Amino acid sequence: MKYIIAIDSFKGCLTSEEAAEAVYQNIVSHHPKAEIITIPVSDGGEGMLNAFCKALGATKETISVRDAMMRRITAEYGITNSGTAIIEVAQSCGLTLIEPKLMNPLIATSYGVGQLIASAIKNGCRKFIIGLGGSATSDCGIGMLKALIESFNDKGNFDDIRHIIQKCEFTIASDVTNPLCGPNGTSHVFARQKGATEGMIDILEKRAMKFAEVSAMHIGHDCSNKLGAGAAGGLGYAFMQYMNAEMKSGADLLLDLINFENIAKDADLVITGEGASDKQTLMGKLPYVIMRRAKDIGIPTLLIAGRIDDKDKLINAGFKDTVCINPKGISIENAMRKDVAISNIRDFPLSI
């Protein structure tokens, strides 16, 4: 038997690497002679840096940046031998870096993202893969642009550094397709999880609309309605509007880079998963992308998760089967414990 493990993080509980190792131990216990290949995966959010660095053989640079509350922290980014920078925005402005009582998208800034990019440019990078996800910000990338300007020309504006940015190629990785503004935009859909009240959402929406209006007049085009402009609190918009970035599915981008189809072509089973799976998984989330790619080459995919709803929809979409790792009646608090989750993943019945 040949197994492919390509599993997302169980957010707030297990990293992608920890979940994959638990699945590996499960397979070994059932099939000790099986061939097992673990693939680092990410959709551009949490864990993106590690996954892409491993896939591309990149080394990591550690620098001092500002978090979303402008506190000094250390963050990492990757550099490949060919000079491609790998940047995970959550390294600098991530939601998990902010204490819940301090969350405030009205003041949270993406400044640290600009610091990461500026450092990579100064280190000779001209190609960038940017993972958008897990941000605490809703500033439309204004903080990032400010940091870039100040890193190269403290008293200038974006026009003064445009010649630097134009020499760079940016690819942004995300599974978010929301526009910048409107009922499906970044403020109305994502700001609540970053600590916004209803009153804050209205303010954020007006700010985004005004910034898009001014930017369109200045640049001569408008990217606010493009798919993914609302990713990471509008960082997707800033990258597309000011840096001519190309948006790609983070999962597809990584699977292309590692040549997934060649690795999986003779496998018996692909195992993927995430913390909770339901019909929203079918809206381009990482397990769905992996299943679709495996199905195209005739390989079945097993989906595991800590919670599973809409099982019929998941099966009809193409998953061979779905398995909830948690026993019935377990409390959320207990299920979210790392040791419990690892044990449950190791012990789920691998019957396919």
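Accessible areas were obtained by the Shrake-Rupley method with a 1.4 Å probe. On this basis, the accessible surface of the protein, taken from a predicted model, comes to about 15600 Å², and carbon and sulfur atoms contribute 50% of that area. Buried residues account for 54% of the 352 residues.

The fold comprises 15 helices and 11 strands. The radius of gyration is 21 Å, close to the 20 Å that the globule rule gives for 352 residues, so the protein is as compact as a globular protein of that length. Along the principal axes, the C-alpha atoms occupy a box of roughly 65 × 45 × 35 Å. Among contacts with a separation of 6 or more, 72% involve residues 24 or more positions apart. With respect to charge, the protein carries 37 positive and 40 negative charges, and the mean positions of these two sets lie 2 Å apart.

Strand S9, spanning residues 269-277, pairs with strands S1 and S10. S9 is mostly covered, with seven of its nine residues buried. Strand S1 (residues 2-5) runs parallel to S9 and is joined to it by three bridges; within this pairing, Ile5 stands opposite Ile271. The pairing of S9 with strand S10 (residues 301-308) is likewise in the parallel sense, and it extends over seven bridges. Here Thr272 of S9 faces Leu303 of S10.

Two helices were examined for burial. In helix H9 (residues 235-243), nine of the nine residues are buried, so this helix is largely enclosed by the rest of the structure. The buried set includes the aromatic residues Tyr237, Phe239 and Tyr242, together with Met240, Gln241 and Met243. Just after H9, Asn244 adopts a positive phi of about 55°.

Helix H10 (residues 250-257) has six of its eight residues buried and is therefore also largely enclosed by the rest of the structure. Its buried residues are Gly250, Ala251, Asp252, Leu253, Leu254 and Leu255. The cover over these residues includes helices H2 (48-56), H11 (260-264) and H12 (286-296), as well as strands S6, S7 (169-173) and S8 (246-248). After H10 comes Asn259, which has a positive phi near 60°.

Strand S6 (127-131) also marks one end of the loop that holds Ser138, the other end being helix H5 (142-152). With a relative accessibility of 5%, Ser138 counts as buried, because burial is assigned under 20% relative accessible area. Beyond its neighbours within four places in sequence, Ser138 is in contact with Pro105, Ala191, Lys194, Leu204 and Gly233.

A further buried position is Ala118, located in helix H4 (residues 111-122). Its relative accessibility is 2%, so Ala118 counts as buried. When residues up to four places away in sequence are set aside, Ala118 touches Leu148, Ser151 and Phe152. The C-alpha atom of Ala118 is separated by 43 Å from that of Ser343, a residue 225 positions away along the chain.

Technical notes
Residues are numbered from 1 along each chain as its sequence is written. This is a predicted model: local features need pLDDT of at least 70, side-chain atom pairs count only at pLDDT 80 or more; totals for chains, interfaces and linings use all residues. Side-chain values use heavy atoms; hydrogens and water are left out. Helices (H or I, at least four residues) and strands (E, at least two) are DSSP runs, numbered from the N terminus. The radius of gyration is taken over C-alpha atoms; the globule rule is 2.2 Å times the number of residues to the power 0.38. Buried means under 20% relative accessible area, exposed over 50%, partly exposed in between (1.4 Å probe, protein chains only). Contact means heavy atoms within 4.5 Å. Lys and Arg count as positive and Asp and Glu as negative; His and the chain ends are not counted. The place of a charge is taken as NZ of Lys, CZ of Arg, CG of Asp or CD of Glu. Two strands pair if DSSP finds at least two bridges between them.
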